[in-house]
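Colleague: I've got a model open and I'd like to learn how to read it. Can we go through it together?

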Amino acid sequence: MLRPISFATMLLVTTAPGAGAQSSRFEVTLSAAAHPGPLTGRLLVAVSKRTGTEPRLLIGPQGPALFAVDLEGLRPGEPVSVDGGSLGFPMPLGELPAGDYRVQAIVNVYDRLERADGHTIWVPWNDGRQEFFVAAAGNLLSEPRDVHLGAGETVRLELSRVIEEAPLPPDTKWVKRVRIQSEKLTRFWGRPVYVHATVLLPDGFDEHPERRYPVIFTLGHTVPFSFTTDSSRVRGLGEINPVTGLETGFDFYRAWSAPGFPRMVAISFEQQSPYFPDSYSVNSANNGPYGDAIVEEIIPELERRFRLIGKPYARIVEGASTGGWQTLALQLQHPDFLGGAWSFQPDPIDFRKYQLTNIYEDTSAFAVPAGQFVTAERPFRRTMEGQVLWSTRLLSLFEEVLGSRGRGGYQLTGWEAVFGPVGDDGYPRPLWNKLTGTIDHEVAGSMREHGFDLREYAERNWSVLGSKLRGKLHLAAGDMDDFHLNLAVYEFESFIRRVDPDYPAEFVYGRPTKGHAWHKQTWADLVRTMARYVKGNAPPGEPTDWAGR
């Protein structure tokens, strides 16, 4: 996972003079040394009030103003104009207040891909590592400039820098990094597609080559459980964070390596698609067969390389937010393959609670009827005290500026790529118009029909799933989740309790004022809980020498 503006739509369609820098413009050129050309991608100019920092590193819904245009075959030296007619966030360039700013241009570079479904599209492309476009290898930058805007000036920027690929940290005794090519995804995209895995090994792994281990797939982590052996990189050693309920990564390392701690393997994935830093581990019309790739290719290969037990009872999935949705989806879709799921504050698992939108019945994602003549802005993000930080309208505008045709790599368009159908142009078909908020109910129906509304999917298939999931489902959320994700968890529990009040599924809610980062127990305690669970479900004769005490 990852704002009320009542007149945002009006601001988008007008360039009438105002009190700001309505006549300012940016002229951007491409350096041949940086990119011989031609260049296709999304050009953004970031305008920040903060000095001393590159504006691109601050990009977010509460960051710099952004102004954007698409580039198609731009050649070196050819100027492109970003002006009052360009799409802007949170206002058009003509409405930007006069003043001193730091500005920078960045291009999210697109590649031409011929997909197996017959569509040819232009999208960002990498080797599967998680990268937001502001730091993605191969994207282009100008040097930051400090300028005054508001006097009709033309600011010239040159795309002269290329972002270099960040080196991977070296492997250690504890942490190994592997890259596995998926043949299924490679066929779909017509390019080699890789899934990256970060593997956390238990103490004694090398000293006991005969031992096999259960595995916890920690979806959404970079290094599982924030594990680190470097105490200088963490704060609050020996303390539990009062907001998250978690220990530091170094404190987790001390528990993980201690005598008597369960000896399990933990593995996280990086599986970036062209539309979002995570594929959500499911088959998708826009992203391809990531679900089949993870279950049929990637996990079996990891089990071979790292001496995993390789049986359903010894495969556990865990994740929060994006990872929480994946965790529940994988367990529901592969009930015989996985042995248990711990899902924390998952992205919407009931699309009647798509944050605060019912995508099947509401007509607008932006406006909430509040009386005969009154509407209210629909919130998207809040503080744990309830203060609204972003509206759905604001986030939608932000994402539309980041990229046309769903190519901004942010949350709303990421969901559309995972859950939704392919449009006639080959790109994800939007669930709602990002400038007006009008919901496309055909898209909503397609998302439900194809099983991405997980509560509806579970209910529709409960005659088969019910007996297979007994004791396997563990869900938790804070009562004041920043993104209102607790509401869909409540609906999922209501469905379960309606079917069988005594069904063995766990639902835990953090109260009071527990937000999106809240966890019900520390990482070390969670691993101990999972170890007891796996040991208790091990069939007779299966090894338990890994279980600790």
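Colleague: Let me start with a detail: in S3, which residue is the bridge partner of valine 45?

Modeller: That's phenylalanine 67. Keep in mind that this is a predicted model. To read a sheet, go strand by strand and look up the partners. Here S2 and S3 (residues 65-74) run antiparallel and are joined by eight bridges.

Colleague: Which way does S2 run relative to S6, parallel or antiparallel?

Modeller: Antiparallel, with eight bridges joining S2 to S6 (residues 99-109). One pair to click on is serine 48 and its bridge partner in S6, arginine 102.

Colleague: And how many residues of S2 are buried?

Modeller: For burial, the cut-off is under 20% relative accessible area. In strand S2 (residues 39-48), ten of the ten residues are buried, so the rest of the structure largely encloses this strand. Over the protein chain, 59% of the 549 residues count as buried.

Colleague: Zooming out, how many helices and strands are there in the protein chain?

Modeller: Twelve helices and 26 strands. The radius of gyration is 24 Å, close to the 24 Å from the globule rule for 549 residues, so the chain is as compact as a globular protein of that length. Its C-alpha atoms fill a box of roughly 80 × 60 × 50 Å along the principal axes.

Colleague: What about the surface and the charges?

Modeller: The chain exposes about 21,700 Å², and carbon and sulfur atoms supply 49% of that. For charges, compare mean positions: those of the 57 positive and 66 negative charges are 4 Å apart.

Technical notes
Residues numbered from 1 in each chain as written. Predicted model: local features only at pLDDT ≥ 70, side-chain atom pairs only at ≥ 80, totals over all residues. Heavy atoms only, no water. Helix = DSSP H or I, 4+ residues; strand = E, 2+ residues; numbered from the N terminus. Rg over C-alpha atoms; globule rule 2.2 N^0.38 Å. Buried < 20%, exposed > 50% of the residue type's maximum accessible area, 1.4 Å probe, protein only. Areas by Shrake-Rupley, 256 points an atom, 1.4 Å probe, with all protein chains shown as cover. Lys, Arg positive; Asp, Glu negative; His and termini not counted. Charge placed at Lys NZ, Arg CZ, Asp CG, Glu CD. Pairing = 2+ DSSP bridges.
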